[in-house]
Every structure is written in C-alpha cells, then in structure tokens.
Amino acid sequence: MSEYCVYVVDDEKDILELVSEYLIQKGYAVKTFENGESFLEEFGKSEPDIVILDIMLPDIDGYEICKRIRKNSDVPIIMLSAKGEELDKVLGLELGSDDYISKPFSLSELEARIKKILRRVNKSPIKQDNVIEMFGIKVDFNQRNVFYNGTQIELSPKEFETFALLLKESTKVLKRSYILERIWGDPALYDERMVDDVIKRLRKKILQYNLPVEIKTMWGLGYKLEEKKDEYKG
C-alpha cells in the first residue's frame, strides 16, 4: 500500500489515465475525478496527501475549488492548466495553490514537484514550536493562525508560512532563494518571483491589520521583517 494518496481532477480522460498510471507505477495511491462536484464530495469524506487540480473543468473551475478547499484544509494543491499566462499562475497561487504547471507537461516533472512538496510538508522547517509570540504577534503553528490584539489575521497557506518564517528569523536578512527553498522546496523547480508575489500580499495584510512590523527589501540581499519605528505606528 502506498504511503501517499493523490487525487487527480481533470476532465480530459487521456490525461487522467496517463497521470494515474504513471503515479501508480511510482508507488502512489491515486483516485481520479472528471469534474469538481465528484471530487469535492469525495474530498469531504477523505482528504488525500496532495491534489492535482485542473483549472478548466466542466462544472466548477479549479480556482473556485481551490478557494473552497482553503476554507478548511491546507492540503497541498498543484494546479494544471492549458493556459500559460502569468496572470493565471499568480491567481492560482493567490488562492492558495502550492504550485502551477502548464499543459503539456512532463510526467517526470510532475512527480518531481509532488515529491518536493510532500517532502516540504512532512519536514516543515517552521513547525519547530507550537506557538511563538514576537512584536505582540502570536503565531499558532498547530492551528496555523496568526493573531494581533485579539484579531485573527487572515492569511493564505503560503502567506502564513512565509510570514512565520520571516517572524522566526527576524534577526536575519532572508534571501529570496532561501525563502523559496524553505517554503516551496527545490529552488531549481520554482521561480523566485513567487516569493515576491507573496511578500507583496503580506505587505498589504500588514497595512490592513495595522501590524507593528514591516517587511523591508534589503537591495541585493533579500527581505527582513522588522518592528516599525514609532513614527510609523498607528
């Protein structure tokens, strides 16, 4: 019996068969779904270790499915799409997907991405403490929540992991490649602009919730989380 279970959602039967057969040969347990409704019904009963999710589905698109999943689950999601535009990729990541692969894709590349994500999830570098509190900000790693002044800060999974990493290592300047490796996995498989996108969203959340910190860009070096100076505090 496989250690990991993969749900694959795609309305193209050829892709379902190819991906399923390949992953089964590699030792994964695989369940396939041709539409969003059947997937969500099964997902509500039993969560897999990772989801491979096509964007263009006949009933519910992958973006909406991703949003629904992220309301209650942090299960890793790799989105598939025939679209190769940057906007589609960014939207998927903003909604909480862990990765994005454009069709056509290599089955070996897909498996490599799956392995990297599962390795990261099972050996998360930021889950060493159950709860930490710095600058008046409380991070609960078990519940994956962030609170400030009694208010919960709404963060996507990648925003949470990136913010927690910046907070825990606030005495250091973190290179983009370092953040990418710690949060996503092998930097060779991912674009460093993914880090920049998450940082932009975090900066908006920091302003939205009036947090007493700021993420500074250290040009040529990386990012650093610092406490705001008095003149900037609300």
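In what order do the five strands of the open sheet with parallel pairing stand? The legends below address this question and others for a predicted model.

**Figure 1. The parallel sheet of the predicted model.** The strand order is β2-β1-β3-β4-β5, and the sheet is open. Strands β2 (29–33) and β5 occupy the edges; each has a single partner strand, so one side of each is left without a neighbour in the sheet. Direction ignored, neighbouring strands here are turned by 20° against each other on average. Helix α1 packs on this sheet and touches β1 and β2, its direction making about 170° with that of β2.

**Figure 2. Pairing of β3 with β4.** Strand β3 (residues 50–54) and strand β4 (residues 77–81) run parallel and are joined by four bridges. One residue pair can be located by name: V51 has I77 in β4 as its bridge partner. Strands of a sheet pair through backbone hydrogen bonds, either parallel or antiparallel.

**Figure 3. The loop between β5 and α5, with K103 and P104.** The side chain of K103 forms a salt bridge with that of E12, at 3.1 Å from N to O. K103 belongs to the loop between β5 (99–102) and α5 (107–122), whereas E12 belongs to the loop between β1 and α1 (13–25), so the pair ties together parts that are 91 residues apart in sequence. The peptide bond leading from K103 to P104 is cis, and its omega is near -10°. P104 is likewise placed in the loop between β5 and α5. Across the whole structure, a search finds 20 salt bridges.

**Figure 4. The antiparallel sheet of four strands.** This open sheet has the order β6-β7-β8-β9. At its edges stand β6 (131–134) and β9 (151–152), each with a single partner strand, so one side of each is left without a neighbour in the sheet. Helix α6 packs on the sheet and touches β6, β7 and β8; the direction of α6 makes about 120° with that of β7.

**Figure 5. Strand β7 and its two neighbours.** Four bridges connect β6 to β7, and these strands run antiparallel. Strand β7 (residues 137–140) is also joined by four bridges to strand β8 (residues 145–148), again in antiparallel fashion. K138 is a useful residue to locate: K138 is the bridge partner of E133, and K138 also stands opposite F147 in β8. In the hairpin of β6 and β7, two residues lie between the strands, and F135 adopts a positive phi near 55°. N149, in the loop between β8 and β9, has a positive phi near 55° as a residue other than glycine.

**Figure 6. Packing of helix α6 against helix α8.** The axes of α6 (residues 157–168) and α8 (residues 193–208) are 10 Å apart and meet at an angle of about 80°. This makes α6 roughly perpendicular to α8. From α6, the contact involves K158, E159, T162, F163 and L166; from α8, it involves V198, I199, R201, L202, K205 and I206. By class, the contact comprises six nonpolar, one polar and four charged residues.

**Figure 7. Confidence along the predicted chain.** The average pLDDT of the protein is 86, and 88% of the residues score at least 70. Confidence is highest in strand β1 (residues 5–9), at 96, and lowest in helix α4 (residues 86–94), at a mean of 65. The pLDDT is below 50 over residues 124–128, a stretch that has nine contacts in the model beyond near neighbours in sequence.

Note on methods
Residues are numbered from 1 along each chain as its sequence is written. Side-chain values use heavy atoms; hydrogens and water are left out. Axes are lines fitted to C-alpha atoms, for helices over the stretch in contact, and angles run from 0 to 180 degrees between N-to-C directions. Angles under 35 degrees count as roughly parallel, over 145 as roughly antiparallel, 65 to 115 as roughly perpendicular and the rest as oblique. Contact means heavy atoms within 4.5 Å. Ala, Val, Leu, Ile, Met, Phe, Trp, Tyr, Cys and Pro count as nonpolar, Asp, Glu, Lys and Arg as charged, and the others, Gly among them, as polar. Two strands pair if DSSP finds at least two bridges between them. pLDDT is the predictor's confidence in each residue, from 0 to 100. A salt bridge is a side-chain nitrogen of Lys or Arg within 4 Å of a carboxyl oxygen of Asp or Glu.
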